[in-house]
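Trainee: Could we go through this model together, one question at a time?
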2 protein chains.
Amino acid sequence: MNLSKTSKYAFRILGHMAKDEHALYSAQQLHKDIYVPERYLRRLLTDLSKHGFIKSIQGRHGGFTFACDTSTITLLQIVEAIDGQGSINECILGYDICVFNHSCPMHDVWEETKLKIIETLSKTSLKDIHYKILEDL
Amino acid sequence: MNLSKTSKYAFRILGHMAKDEHALYSAQQLHKDIYVPERYLRRLLTDLSKHGFIKSIQGRHGGFTFACDTSTITLLQIVEAIDGQGSINECILGYDICVFNHSCPMHDVWEETKLKIIETLSKTSLKDIHYKILEDL
DNA sequence: ATTAAATACTACCTTGTTGTAGTATTTTAC
DNA sequence: GTAAAATACTACAACAAGGTAGTATTTAAT
């Protein structure tokens, strides 16, 4: 159960871009829209394109656009790309080895909630966020 | 949604002490039992006693013991004491102001899960963990 | 070709968290 | 009273995450 600030930034970026799935977004414009530090945002955009969520187009009228359909990108995929695989699934007591047959004292207490978190993150795609935004209008 | 390593250490300490609620635990023994760095553990014990969860007894045969009934200490209280009030309730996109009438795009998607997390942490007391441990035997 | 506007790469600075060290203080067995 | 065994206090070291800077590269309008 941990979500780095950088993962939250990634949510902001991709969630915002999902508003118009096929548009081209420049780093400069994104910076103004979602309040992520500009240089850090640029680095993160490069990172996200390396992970295959978006693709970058260089040159005078370049920018970033989705590399695949937004319905195929889940929040869990984004977190795992940024924070590392299994980052959400970590033991709540911080023990390295905590599996069902050698579990920590709080394992069962936490298990159900952890599954709920993972379920939400893995079942919510960027397209779902997109719809949500439209509803908000 | 954030749980610092220090909070996890606090869970380990208090969860372990809850096994025998009225016993006196020395820092040295706790260190051996729960693998928290000894000096850091001592500092954290002082901190936890200042927060009123436990009380310290100085002197030759001193140590730490609970300052109140373990059934009155919830996991949420522990997290909020260590990581700060509202640390769990933070916006998933990292925005400072994100309330129901000015919510972020992901607010509704995340709300239910967040409530589940808070409910679990606030309904689980150290005594519950204690019982869990007994069942494990 | 030149230039403007974008991304890419690498290195470094800053900040917060985690962990360590040294020393002081308290208490009790002897 | 003295020493042992515990906690308390303060400062700092180490590390990781977040953020910045400078420069290089790519592309297309002109």
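Mentor: Happily; here are a few questions on the cysteines and the DNA contacts.

Mentor: This is a predicted model, where local features need pLDDT of at least 70, side-chain atom pairs count only at pLDDT 80 or more, and totals for chains, interfaces and linings use all residues. Residues are numbered from 1 along each chain as its sequence is written, chains are lettered from A and ligands numbered from 1 in the order in which they are written, and side-chain values use heavy atoms, with hydrogens and water left out.

Trainee: How many disulfides are there over all chains?
Mentor: A disulfide here is a pair of cysteine sulfur atoms within 2.5 Å. Searching the whole structure, the number found over all chains is zero.

Trainee: Which cysteine sulfur is nearest to that of Cys98(B), and how far away?
Mentor: Cys98(B) is in no disulfide. The nearest cysteine sulfur belongs to Cys104(B), at 3.8 Å.

Trainee: Is Cys98(B) buried or exposed?
Mentor: Buried means under 20% relative accessible area, exposed over 50%, and partly exposed in between (1.4 Å probe, protein chains only). With a relative accessible area of 15%, Cys98(B) is buried.

Trainee: Which base atom of DNA strand D does Arg43(A) approach?
Mentor: A polar contact is a pair of N or O atoms within 3.5 Å. A polar side-chain atom of Arg43(A) lies 2.8 Å from a base oxygen.

Trainee: How many charged residues does the surface near DNA strand D have?
Mentor: Near means one heavy atom of the residue within 4 Å; Asp, Glu, Lys and Arg count as charged, Ala, Val, Leu, Ile, Met, Phe, Trp, Tyr, Cys and Pro as nonpolar, and the others, Gly among them, as polar. Beside five nonpolar and 12 polar residues, the charged ones number eight.

Definitions and conventions:
Polar contact = N/O pair within 3.5 Å; in protein donor to acceptor, adjacent residues only side chain to side chain.
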